[in-house]
Amino acid sequence: MRSIGVLSALTAALVGAAAAENFLADDKLAGHVEARVHELQPTRDERKLDLVGWAPDILAAEKLARTGNRPVFLFTYDGDIGTGRC
Amino acid sequence: MSNQNPGPFGPPSAEARAEVQRIYGDFLNRKLGAGTVHVYILKPDGSALSGLGPVEAAHPDVMKRLLMDAIGQLGTKPGAPTVKPRPQSVPPKSEGGDLVLHLVSRSHGGGNWHQFPSENWLVLSRPEWMQLFPRETPHAGLSWQLDPTLTRKLLARFYPQTEETSNQDRNRIDEASLRLTVTALGAGVARARIEGRLRMKHAFYPGKDSEDDVDATLLGFLDFDSAGQHIQRLRIITDRATYKNEAFGAAMRSVSAETLEALGQ
């Protein structure tokens with residue numbers, strides 16, 4: 001009896017969840033748009049800049065360079081590298 | 001470090017800006033080359049070692065040679081990164097009821113400016129995204145025009161990679177419209193097709209009054225609950241788009257709470 005009770009509660013919970021959030025299947029429009037969204041996303045190659053650990057500012061970079069005996073790579077630019085608009 | 005924008009770590013301090021000026025002067029004095037857009041390699045003590053201008057630095061072989069030469073001269077030992085890598089494009093802070101949107105835009109032309117897509121994030125407050133819904137119960141064929149202010153906000157970054165030295169909206173909108181039409185209904189949910197048009201001037205460089213025009217038709221869809229309390233998916237893409245007569249593509253998508261959580265927001 002206990003297992004039936006648990007099953008009933010679980011079923012009720014699942015039905016409740018389904019009622020709370022139904023979804024429409026992708027039709028021709030949604031499929032086309034989603035494919036184009038996917039196609040335009042940055043590729044893994046285009047995300048390689050994210051593999052570089054950038055210091056918060058030049059002072060922090062110089063401190064790390066002194067303590068770790070490493071050179072500093074400083075790139076100055078116009079615009080915003082985070083948005084790719086630079 | 002951007003010469004204008006604060007970047008992901010916030011604005012640099014006065015001391016940091018002064019230090020960059022010192023480095024710039026050090027490179028000039030040693031005749032190693034310098035510029036506002038430039039790669040500088042410093043020795044561990046902060047003094048000038050070598051550098052590259054942006055045109056040369058864009059060539060991987062040239063950049064690799066510069067770095068290998070620096071390692072050779074300094075005797076740098078291999079090791080783990082001293083700073084943990086993190087994504088450059090991250091969603092801004094948002095509240096629980098906000099709608100977070102992500103936009104990718106890329107020119108289909110070639111050249112240095114187009115090697116990476118641009119990415120922008122947009123956060124709509126609940127009162128803003130509620131304006132996406134129709135004013136009556138959704139039924140097949142129901143159609144409505146989106147509010148002009150919200151339309152402008154949604155389409156403000158629908159242009160390819162350009163130089164942006166601030167977050168200022170530099171657009172001169174000639175035409176911006178988004179029309180939604182209900183095309184599908186389900187149990188408590190609806191889908192509206194989005195069609196739109198955008199014609200605007202956006203100068204490639206800020207402060208230059210050039211007639212650089214965006215001309216785009218837009219397509220997308222909005223999946224929402226019929227009671228108008230929740231957005232499941234918002235997608236807007238350029239159907240056909242040109243900037244300065246060159247083709248580009250842009251795609252905006254709503255980002256789920258789960259995705260934002262995975263991104264650490």
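This section describes how chains A and B meet in a predicted model, and how selected strands and salt bridges of chain B are arranged.

The interface was examined first. In chain B, 80 residues are in contact with 53 residues of chain A. The area buried between the two chains is about 5,800 Å². Carbon and sulfur atoms give 56% of that area. Polar contacts were counted as well: 19 residue pairs link chain B and chain A in this way, both members at pLDDT 80 or more. On the chain B side, helix 1 (residues 14-29) gives the most to the surface touching chain A, with six residues. The residues on this side of chain B divide into 35 nonpolar, 28 polar and 17 charged.

The two chains also share strand pairing. Strand 1 of chain A (residues 72-76) pairs with strand 1 of chain B (residues 38-42). The pairing is antiparallel and runs over five bridges. Within it, V72(A) stands opposite L42(B). F73(A) has I41(B) as its bridge partner.

Strand 1 of chain B has a second partner within its own chain. Four bridges join strand 1 to strand 2 (residues 48-52) of chain B, and the two run antiparallel. Here L42(B) has A48(B) as its bridge partner. L42(B) thus appears in both pairings, opposite V72(A) in one and bridged to A48(B) in the other. Strands 1 and 2 of chain B form a hairpin with five residues between them. In the turn, G46(B) has a positive phi of about 90 degrees.

Burial of strand 1 was then considered. Five of the five residues of strand 1 of chain B are buried, so this strand is largely enclosed by the rest of the structure. In a regular strand the side chains alternate between the two faces of the sheet. In strand 1 of chain B, H38(B), Y40(B) and L42(B) point one way. V39(B) and I41(B) point the other way. Residues of both sets are buried.

The loop ahead of this strand gives another view. R30(B) lies in the loop between helix 1 and strand 1 of chain B. At 44% relative accessibility, R30(B) counts as partly exposed. Leaving aside residues up to four places away in sequence, R30(B) touches S47(B) and A48(B). A48(B) is also the bridge partner of L42(B) in the hairpin. By contrast, R30(B) and T183(B) are 67 Å apart in space, C-alpha to C-alpha, and 153 residues apart in sequence.

A further antiparallel pair lies within chain B. Strand 3 (residues 99-107) and strand 4 pair over seven bridges. L101(B) stands opposite L122(B) in strand 4. Strand 4 (residues 118-124) is mostly covered, with six of its seven residues buried.

Salt bridges were surveyed next. The count comes to 23 over all chains. Seven of these cross the interface of chain B and chain A. One joins E46(A) to R106(B), with the closest N and O atoms 2.8 Å apart. Another joins R233(B) and D26(A), at 2.7 Å from N to O. This pair runs from strand 9 (residues 231-243) of chain B to the loop between helix 1 (2-20) and helix 2 (28-40) of chain A. Its two members differ in burial. R233(B) counts as buried because its relative accessibility is 16%, which is under 20%. D26(A), at 44%, counts as partly exposed.

Other salt bridges lie within chain B. R191(B) and D223(B) form one, with the closest N and O atoms 2.7 Å apart. R191(B) is in strand 7 (residues 189-201) and D223(B) in strand 8 (residues 213-225), so the pair ties together parts that are 32 residues apart in sequence. R191(B) and D223(B) are both buried. R152(B) and D169(B) form another salt bridge, at 3.2 Å from N to O. R152(B) lies in helix 5 (residues 148-155) and D169(B) in the loop between helix 5 and strand 6 (172-185), so this pair ties together parts that are 17 residues apart in sequence. R152(B) is partly exposed, with a relative accessible area of 33%. D169(B) is partly exposed too, also with 33%.

Some salt bridges combine into a network. Its members are D26(A), D27(A), E34(A), R191(B), D223(B), R233(B) and R235(B). The network therefore includes residues of chain A and chain B.

Key:
Residues numbered from 1 in each chain as written. Chains lettered and ligands numbered in written order. Predicted model: local features only at pLDDT ≥ 70, side-chain atom pairs only at ≥ 80, totals over all residues. Heavy atoms only, no water. Contact = heavy atoms within 4.5 Å. Buried area = accessible area lost by both parts, 1.4 Å probe. Salt bridge = Lys/Arg side-chain N within 4 Å of Asp/Glu carboxyl O. Polar contact = N/O pair within 3.5 Å; in protein donor to acceptor, adjacent residues only side chain to side chain. Nonpolar A, V, L, I, M, F, W, Y, C, P; charged D, E, K, R; others polar. Pairing = 2+ DSSP bridges. Buried < 20%, exposed > 50% of the residue type's maximum accessible area, 1.4 Å probe, protein only.
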